[in-house]
Amino acid sequence: MNRLVVVSNRVPAPSAGSQAGGLAVALDGLMEKHGGLWFGWSGAVMPDGATGRAAMVERGGAVDYATIDLTQEEHDRYYNAFSNGVLWPLLHTMPELMQYDRRDARVYREVNARMAAALQPLLRAGDLIWVHDYHLMPLAAALRARGVRNPIGFFLHIPFCAPDVLAAAPEMTELVREMLAADLIGFQTDNDAANFAASAQMLAGAVRGPGNSLFFGGRRVRLGVFPVEIEARGFARTALEMTASPAVRRLRSSLDGQRLILGVERLDPTKGLLQRLAGLRRLLEKRQDWCGHVTMLQIAAMSRKGVDSYRALRAALDREAGALNADLGEPYWQPLRLVAHAVDRAVVAGTMRLARVGLVTPLRDGMNLVAKEFVAAQDPADPGVLVLSRFAGAARQLEAALLVNPHDPDAMADALDTGLRMGLEERQARWRALWAAIQHRSPLVWGRSFVAALLRAAAVHTVEPVLAVPPALELPRATPRRPMERVGAEIEAATLAAMVKPGRVLN
Ligand code: F6P
């Protein structure tokens, strides 16, 4: 039976506390159910020279967690400067925020190489390796360079930008080549997969293959689209239970009958927080009858304090929130409540159920699970309205939301006004369509779909079923790799964008 080895920057190891965020939410269920090895950074930053070469291994439930510490310099350059100061803005198509320094790129690569070296001795024949996210783009190549031949899948949780944007950072051509060392590369949307395929061809010299695959270095690499999901029914239950919690009851009574607009995210330049406040300001200027009758609660938990653009955004947000309340508030009413620290997830669920409008308007987002959570949290008899950025990956599934362009304050104001005024019947109809899009999906099914596709991509022979595969997907039959000449003859001209369909496993 094959073991699943997950590799991610953050790891929810028992000793690390709950530091892994959205990624852990997506993977916890799969790992708890099937067991395996979860490898990555311990969350600890040690003085230079105080980090060991070997990973520290601890057991939690069915999972072995293996982690390495980072030095202060590695944390500053690999995590803060290159992952979050270059790759994050660039892949979100915000190259103007990028602060590039080739020394950071060098350390990013060194950390990936160090991770590969620490992981290799823990690997067994037959392990399936699943690498996650932009911190680890060169890891598959680093493992291959050490002779690792196991199937490797890579999943990018964030968007992938167009090739001309990507080219702004000198490393990207090489990083795309290194990603191609995997057998399967997964994305959140067809747009991300198409951008990657275009970049691989234009920058890295890959050649399009049949069935959404690319040829590179004599190998065939599959691309796939796997939108991350939430456990919708569980989240709905939590939201319902939490309406009776003291925190949610206090919020309700403090609103004193006003309608609540809710935003919840990490404080991040991609989330469109300033644009969102501009939308609220425009609403209150254009439709003054809302003054005194609506309150916006924005939870924007401070994150990545070591990155300049995050600290600058915090300062700008504080300024704009203060100005908004000062300009438009009254002695008896303030339009905005801003909370810049994390709020317990269960309390957020209950708060979502109180809100008349969920305002989820990132400038760009891989998926955005908050949008799905807002839908799940609603009372079907009296649901709130989701106002969603058309640039979030979730917009491709949640088409019954009010879709907006977050750069346009008037569009935001109009959508807010429409949402706040929307009658019960339309709210219910929209909610039913949104719920239908998420209710039968789950992180477990998502994870199993990826693993099934990885097996298929790597044409792995297994005696027993590896992980139970969801009913819609068949465990792929092992087929020998075809000779390159034959496969090469099948290269087709159809655009990848047309072939890659969201929610489907590609092969
Ligand atoms: O995919 C983006 C992501 O890496 C998530 O997995 C995670 O929840 C979030 O960003 C938080 O990032 P960080 O590890 O920098 O706190």
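Reader: In which helix is the place of Asn112?

Author: Helices (DSSP H or I, at least four residues) and strands (DSSP E, at least two) are numbered from the N terminus. Asn112 belongs to helix H3, which spans residues 102-119. The model is predicted, so local features need pLDDT of at least 70 and side-chain atom pairs count only at pLDDT 80 or more, while totals for chains, interfaces and linings use all residues. Residues are numbered from 1 along each chain as its sequence is written, and side-chain values use heavy atoms, with hydrogens and water left out.

Reader: Is Asn112 buried or exposed?

Author: Relative accessible area decides (buried under 20%, exposed over 50%, partly exposed in between; 1.4 Å probe, protein chains only). Asn112 has a value of 1% and is therefore buried.

Reader: Which residues does Asn112 touch, and which backbone oxygen does its side chain reach?

Author: Leaving aside residues up to four places away in sequence, Asn112 is in contact (heavy atoms within 4.5 Å) with Tyr78, His135, Leu136, Met137, Pro138, Leu139 and Ala142. With His135 there is also a polar contact (N or O atoms within 3.5 Å; within protein, one able to donate a hydrogen and the other to accept it, residues adjacent in sequence counting only if both atoms are side-chain atoms). The side chain of Asn112 comes to 3.1 Å from the backbone oxygen of His135.

Reader: What is the order of the strands in the open sheet?

Author: Strands count as paired if DSSP finds at least two bridges between them. Here ten strands follow the order S3-S4-S2-S1-S5-S6-S7-S10-S9-S8, and the pairing is mixed. Strand S3 (56-60) and strand S8 (207-209) are the edges, each pairing on one side only.

Reader: Which strands does S10 pair with, and in which sense, parallel or antiparallel?

Author: Strand S7 (residues 184-187) runs parallel to S10 and is joined to it by four bridges, with Leu184 partnered by Arg222 of S10. Strand S9 (residues 213-216) is antiparallel to S10, again with four bridges, and Phe216 has Arg219 as its partner. S9 and S10 make a hairpin with two residues between them, and Gly217 in the turn has a positive phi of about 60°. S10 itself (residues 219-225) is mostly covered, six of its seven residues being buried.

Reader: How many bridges join S2 to S4, and how many join S5 to S6?

Author: Strand S2 (residues 36-46) and strand S4 (residues 63-71) run parallel and share eight bridges; Leu37 is partnered by Asp64 in S4. Strand S5 (residues 128-132) pairs with S6 in the parallel sense over four bridges, and His132 stands opposite Phe155 of S6. Strand S6 (residues 152-155) is covered on both faces: Ile152 and Phe154 are buried on one side, and Gly153 and Phe155 on the other.

Reader: Which residues around the ligand come nearest?

Author: A residue is near the ligand if one of its heavy atoms lies within 4 Å of it. There are 13 residues around the ligand, and Arg10, Gly22, Tyr79, Asp133 and Arg304 come nearest. Oxygen atoms of the ligand lie 2.6 Å from a polar side-chain atom of Arg10, 2.4 Å from an N or O atom in the side chain of Tyr79 and 2.7 Å from an N or O atom in the side chain of Arg304. Helix H1 (21-34) and H2 are the elements that give two or more residues to this shell. H1 gives the most, with three residues.
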